[in-house]
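Please open the model in your viewer, with the sequence panel alongside, and follow the stops below in order.

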Amino acid sequence: MSGRPKVLLVDDEPLMRIPLEDRLRSTGYDVLAVATGEEALAAMHDGRFDVVVVDLKLPGIDGLEVLRGMKRGGCDADAIVITAYGTIGAAVEAMKLGARDFLTKPFETAALLSTIDRYLQVRAASRESAPSHDEPSQQTHGMVGRSAAMQRVFRLIDAVARTNATIIIQGETGTGKELVANAIHARSQRRDQPLIKVNCAAMPEALVESELFGAERGAFTGADRRRKGRFELAHGGTLFLDEIDEMPLLPQAKVLRAIQEGEFERLGGAETIRVDVRLIAATKVDLRKKVEAGGFREDLFYRLNVLPIEVPPLRAREDDVIALAEHFLATLCAEFGRAPKPLAPSTVAWLRAHSFPGNVRELKNLIARAVTLCDGDSVRVEHLGGSQPGPGSSGDLAAARRAAEDRRIEQALEAAGGNKTLAAQMLGISRKTLWEKLTRKPR
Ligand SMILES: Nc1ncnc2c1ncn2[C@@H]1O[C@H](COP(=O)(O)OP(=O)(O)OP(=O)(O)O)[C@@H](O)[C@H]1O
Ligand SMILES: [Mg+2]
């Protein structure tokens, strides 16, 4: 970019457009302001812009269509979308089409200026760091992902982190849902407040309510003192309800009220507790289907489904496999105190051809095993324990069962703080069996 940053402003409302245009100009930008989507597309055809600010509701071609046109035309400007209050769905649609950010009307001009400035800074920074690398930015929030699919997820994380909206994260096992939840919390204004995690599948049904909402002394046998629930502990911060699809029907009504009104009573208590909690939920299954089957409350589903984030399975982002493998190899070598080493070319080919029903977790486990087995200068195929060629050859059912087992083991180890004896107890297996499972050959 030489000279002043170029901004295209698209808004049909003169009372909005003209003052904004003046402000942007006096800030030092080179501004072009137009009133229709048609003019916007024509302008982008003729010139380059750094930032495009577009109102979603326009006569004729609307804002979403402008974004589609930008994409088709290969325009790399950062798009910031302006939406009317209450059309968050359209904003999400816009993010999916590549918009960077959205502002809800009415907004302060200062908010728009600082948003524009932020993206200009990012552009300046990426220009400075870009030439040394031929790859686009691969890592955000501690997550590796250069595929278009993950880049979209990263954009959504950034966008939703600045809201207080309820988020639902959907994706297969091992795709990184928990990392997404961590990233949203870490980038939100609540980052200095607690992030409380609850796995709904791991709680015995009878305890769900007291776990979530707390209990007064004597509320049930064994309740020898007042206990705060997870909602209360998350006050001011974020509550992550993992595997929400596994939540029994009965407590769902209470969860709904807690999200909607921010209030509830402890089990056995009369006092109404008020909390300020941002909720993030995750599910492996299609919740809508579970609603249709009568296993999940429809009203809670709609309350949760405001901002869905879909984390794609690894097979839908082949571009990420090698980048992830290299990332795990580097971090795990360091963690295990091994010298850093590369993947042998044949290993790269093997990984590319392999399918990972357990997604990123499975890939990570595979690399972890290779790191412990590898004695040479590079990781070869035999270190992966894999001689089976190509995808799917090991049988999908067995693979899926194995993936589920690996996952339970990982969860137990995490819950046990890495203590294998304790983890084995939690899993109901012997320490020896656990050890065998941890060191067995990958599928
Ligand atoms: N994009 C990524 N970059 C780096 N590591 C990742 C990425 N995605 C997932 N991982 C790693 O893979 C493992 C599984 O991720 P995570 O626990 O977030 O998955 P999940 O979707 O919550 O799985 P489940 O549904 O089984 O609970 C973790 O060790 C995590 O650190
Ligand atoms: Mg998880």
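The tour goes from the whole chain to its sheets, then to the ligand and a few single residues.

**Before selecting anything**

This is a predicted model, in which local features need pLDDT of at least 70 and side-chain atom pairs count only at pLDDT 80 or more, whereas totals for chains, interfaces and linings use all residues. Residues are numbered from 1 along each chain as its sequence is written, while chains are lettered from A and ligands numbered from 1 in the order in which they are written.

**The whole protein**

Show the C-alpha trace, which fills a box of roughly 70 × 65 × 40 Å along the principal axes. Switching to a cartoon brings up 18 helices and 14 strands; these are DSSP runs numbered from the N terminus, with helices (H or I) of at least four residues and strands (E) of at least two. Of the 443 residues, 36% count as buried, a residue being buried if 20 or more other C-beta atoms, placed from the backbone, lie within 10 Å of its own, exposed if 12 or fewer do, and partly exposed in between.

Next, colour by domain: domain 1 covers 6-129, domain 2 covers 148-310 and domain 3 covers 317-439, with bounds that come from an automatic or database domain assignment. The centres of domain 1 and domain 3, taken over C-alpha atoms, are separated by 44 Å.

**The sheet with order 2-1-3-4-5**

Select the open sheet of 5 strands whose order is 2-1-3-4-5, with parallel pairing; two strands pair if DSSP finds at least two bridges between them. Strand 2 (30-34) and strand 5 (101-104) are at its edges and have a single partner strand each, so one side of each is left without a neighbour in the sheet. Within this sheet, strand 1 (residues 6-10) and strand 3 (residues 51-55) run parallel and are joined by 4 bridges, and Val-10 can be found opposite Val-54 in strand 3.

From strand 5, move into the loop that leads to helix 5 (109-129), where Pro-106 lies. The peptide bond from Lys-105 to Pro-106 is cis, with omega near -10 degrees.

**The sheet with order 9-10-13-8-14**

A second selection shows an open sheet of 5 strands in the order 9-10-13-8-14, again with parallel pairing. Its edge strands, each pairing on one side only, are strand 9 (195-199) and strand 14 (307-310).

Centre the view on strand 10 (residues 238-242), where 5 of the 5 residues are buried, so this strand is largely enclosed by the rest of the structure. Thr-238, Phe-240 and Asp-242 are buried on one side, and Leu-239 and Leu-241 are buried on the other. Strand 10 runs parallel to strand 9, to which 5 bridges join it, and also pairs in the parallel sense with strand 13 (residues 278-283) over 4 bridges. Thr-238 is a useful residue to label here, since it is the bridge partner of Leu-195 and is itself partnered by Arg-278 in strand 13. Towards the other edge, 4 bridges join strand 8 (residues 167-170) to strand 14, with Ile-309 as the bridge partner of Ile-169.

Following the chain out of strand 10, select Glu-243, in the loop between strand 10 and helix 10 (249-261). Glu-243 is not a glycine, yet its phi is positive, near 50 degrees, and the residue is partly exposed, with 18 other C-beta atoms within 10 Å.

**Ligand 1**

Which domains each supply at least three residues of the shell around ligand 1? They are domain 2 (148-310) and domain 3 (317-439). In total 17 residues surround ligand 1, the closest being Thr-173, Gly-176, Lys-177, Glu-178 and Val-360; a residue is near the molecule if its C-beta atom lies within 6 Å of it. Strand 7 (143-144), helix 7 (177-187) and helix 15 (359-373) supply at least two shell residues each.

Asn-359 belongs to helix 15. Its phi is near 55 degrees, positive in a residue other than glycine, and Asn-359 is buried, with 23 other C-beta atoms within 10 Å.

**Last stop: Phe-301**

Finally, select Phe-301 in helix 12 (residues 298-304), which is partly exposed, with 19 other C-beta atoms within 10 Å. Leaving aside neighbours within four places in sequence, Phe-301 is in contact with Leu-287, Arg-288, Val-291 and Phe-296, contact meaning C-beta atoms within 7 Å. The C-alpha atoms of Phe-301 and Val-291, 10 residues apart along the chain, are 7.5 Å from each other.

Key: Two residues are in contact if their C-beta atoms, placed from the backbone, lie within 7 Å.
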